[in-house]
Amino acid sequence: HEAGHALVARALPHTDPVHKITIMPRGRALGYTMVLPDDDRYSTTRNQLLDQLAYSLGGRAAEELIFHDPSTGASNDIEKATALARAMVTQYGMTESIGAIKLGSDTSAPFMGRDYGHQRDYSENLASVVDREVRTLIENAHQEAFDILVANRSILDEMVLELLERETLNKEEIEEIFAKVSSWPRRPAWTGSIHRI
């Protein structure tokens with residue numbers, strides 16, 4: 001699972017470096033993969049968000065590829081990926097069918113230290129389009145993660161053996177194992193409309 005996250009993150013062109021991977025249980029997590037930027041970042045691009053979706057689902061994709069029987073271990077990853085995909089559609093204007101429109105009203109109360117969530121203020125028809133766009137983003141990211149793992153299967157297996165032996169790997173050790181990872185091709189340019197060339 002953790003090797004799947006890390007390998008997908010490493011293969012994609014718009015992700016931050018993988019700094020640490022561990023299979024040591026901590027709290028409710030059975031392990032974790034730490035992906036951090038080397039420099040400060042003040043905004044995030046659409047491609048960076050699409051890459052985040054894919055590597056979030058890399059653990060689940062690895063379970064499917066290797067065991068043909070995914071576990072509940074990916075539930076938090078699925079929750080985060082779904083929230084990110086929904087934000088891309090309803091807040092960031094990153095799909096053509098919705099466009100650069102913010103949907104939903106923000107009912108947070110930061111002065112109270114609480115966030116009551118996102119309230120829908122749009123029609124059932126538009127809600128259906130939002131749901132379809134979220135599903136498409138998730139399905140595409142899931143398939144991308146799976147395809148990356150298939151293309152780099154021998155490196156995935158090598159990472160698993162190293163993690164079983166050492167339990168925790170740092171950035172330099174990870175880079176050594178991932179030196180031969182096939183970089184995934186960049187996505188085509190996106191302007192948000194077929195009319196903007």
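Visitor: Which residues make up the covered face of strand 2?
Guide: This is a predicted model, in which local features need pLDDT of at least 70 and side-chain atom pairs pLDDT 80 or more, while totals for chains, interfaces and linings use all residues. Residues are numbered from 1 along each chain as its sequence is written, and side-chain values use heavy atoms, without hydrogens or water. Strand 2 (a DSSP run of E, at least two residues; helices are runs of H or I, at least four, and both are numbered from the N terminus) spans residues 32-35, with Tyr-32 and Met-34 on its uncovered face. The covered face holds Thr-33 and Val-35.

Visitor: In which sense do strand 1 and strand 2 pair?
Guide: Strand 1 covers residues 18-22 and is joined to strand 2 by four bridges (DSSP must find at least two for a pair). Within this pairing, Ile-21 stands opposite Thr-33. The sense is antiparallel.

Visitor: How many residues of helix 1 are buried?
Guide: Helix 1, residues 2-11, is mostly covered. The buried residues (under 20% relative accessible area, 1.4 Å probe, protein chains only; exposed is over 50%, partly exposed in between) include Glu-2, His-5, Leu-7 and Val-8. Of the ten residues in helix 1, the buried number is nine.

Visitor: Which element gives the largest share of the lining of the largest pocket?
Guide: This pocket (an open set of points on a 1 Å grid over the protein atoms alone, where a 1.4 Å probe fits, with protein on both sides within 12 Å along at least five of seven lines; lining residues have an atom within 4 Å of a point) holds about 1,000 Å³. Its lining has 34 residues, and His-1, Glu-2, His-5, Gly-31 and Gly-73 lie nearest the centre. Elements that give two or more residues to this lining include helix 1, strand 2 and helix 6 (153-166). The largest share, six residues, comes from helix 4.

Visitor: Which element gives the largest share of the lining of the second largest pocket?
Guide: The volume here is about 180 Å³. Among its 13 lining residues, Arg-46, Leu-50, Thr-136, Leu-137 and Asn-140 are the closest to the centre. Two or more residues come from helix 2 and from helix 5 (124-151). Six residues, the largest share, come from helix 5.

Visitor: Over the face of which residue does Arg-46 lie?
Guide: Arg-46 is one of the residues closest to the centre of the second largest pocket. Its distance from the ring centre is 4.1 Å (the rule asks for CZ of Arg or NZ of Lys within 6 Å of the centre and within 35 degrees of the ring normal). The ring belongs to Trp-190.

Notes. Points joined across faces, edges and corners; volume = space filled by probe spheres on them.
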